[in-house]
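Subject: Structure handover

Hello,

Here is the structure you will be working with. Please open it first and keep it beside the notes below.

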Amino acid sequence: MAGGKWRRMINAKHARLLPVLLTAPLLCAMAPGDMSVAAFLARAASIERLGPLALATPQGHQLKGEVIAAGKRYKARIDAERRAGRKTTSCPPESGDVSPDQWLSHLRSYPVSVRRKVSIYSAFDALMKKRYPCPA
């Protein structure tokens, strides 16, 4: 009898955890680069006071990872378009970089009202279009 009571209590606990367990994959399913500009800027602001050391924090690594992932997705798309003989949205050089200040300045150029709707990947793409337009 006591064993049945424990089983019911454990099952009740698991039943309460089920919604959390079912939503966890959705939270983890967000691809790198899909973070919104608003979320990125909020997280960046929380570590900005550390200056150059901000990149050494776990949150700094995550933010850097978002930008790197967006850059890799962008490059893969541009390379695929070139291989397919299609016109690309921008014409960047094979190598290059964007300073953190340039990147943050670009993100801050988005109106506050749209920052939640724009992903880091889309913002990266827009920056490349602005910096490296294709010749007419």
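The notes below go through the fold, the disulfide, the salt bridges and the pocket.

The model is predicted: local features need pLDDT of at least 70, side-chain atom pairs count only at pLDDT 80 or more, and totals for chains, interfaces and linings use all residues. Residues are numbered from 1 along each chain as its sequence is written, and side-chain values use heavy atoms, with hydrogens and water left out.

Fold

The protein chain has five helices and zero strands, which gives the pattern α-α-α-α-α along the sequence. Helices (H or I, at least four residues) and strands (E, at least two) are DSSP runs, numbered from the N terminus. Of the 136 residues in the chain, 29% count as buried. Here buried means under 20% relative accessible area, exposed means over 50%, and partly exposed is in between (1.4 Å probe, protein chains only).

Among contacts with a separation of 6 or more, 64% are between residues 24 or more positions apart; a contact means heavy atoms within 4.5 Å. In helix H2, the buried residues are Val37, Ala38, Phe40, Leu41, Ala44 and Ile47. The buried residues of H2 pack against H3, H4 and H5.

One residue to look at in helix H3 is Lys72. Lys72 is exposed, with a relative accessible area of 59%. Its C-alpha atom is 9.4 Å from that of Gly33, and the two residues are 39 apart along the chain.

Disulfide

A disulfide is taken as a pair of cysteine sulfur atoms within 2.5 Å, and the count by this rule is one. The bond joins Cys91 to Cys134, with 2.0 Å from S to S. The pair links distant parts of the chain, 43 residues apart: Cys91 is in the loop between helix H3 (58-83) and helix H4 (100-108), and Cys134 is in the segment after helix H5 (120-131). The disulfide is right-handed, because the torsion about the S-S bond is about 100°. Cys91 is partly exposed at 31% relative accessible area, and Cys134 is also partly exposed, at 24%.

Salt bridges

Side chains of opposite charge can pair when their charged atoms come close. A salt bridge is counted where a side-chain nitrogen of Lys or Arg is within 4 Å of a carboxyl oxygen of Asp or Glu, and this rule gives eight of them.

One of them is between Arg108 and Glu48, at 2.8 Å from N to O. Arg108 lies in helix H4 and Glu48 in the loop between helix H2 (37-47) and H3, so this pair ties together parts that are 60 residues apart in sequence. Both partners are partly exposed, Arg108 with a relative accessible area of 42% and Glu48 with 39%.

Another salt bridge joins Arg77 and Glu81 (3.4 Å, N to O). These two residues are four apart in helix H3, so about one helical turn separates them. Arg77 is partly exposed at 23% relative accessibility, whereas Glu81 is buried at 12%.

In helix H5, Asp125 and Lys129 are likewise four residues apart, about one turn of the helix. Asp125 is buried, with a relative accessible area of 10%, and Lys129 is partly exposed, with 37%. Their side chains meet in a salt bridge of 3.3 Å, N to O. Lys75, Asp79, Arg82 and Glu94 are joined into one network by salt bridges that share partners.

Pocket

The largest pocket has a volume of about 900 Å³. Pockets were sought on a 1 Å grid over the protein atoms alone: a pocket is an open set of points where a 1.4 Å probe fits, with protein on both sides within 12 Å along at least five of seven lines, and lining residues have an atom within 4 Å of a point. Grid points are joined across faces, edges and corners, and the volume is the space filled by probe spheres set on the points.

Which residues are closest to the centre of the largest pocket? Of the 35 lining residues, they are Val67, Val98, Ser99, Pro100 and Trp103. H2, H3, H4 and H5 each supply at least two residues of the lining, and the largest share, eleven residues, comes from H3.

By class, the lining has 20 nonpolar, six polar and nine charged residues. Ala, Val, Leu, Ile, Met, Phe, Trp, Tyr, Cys and Pro count as nonpolar, Asp, Glu, Lys and Arg as charged, and the others, Gly among them, as polar.

Regards
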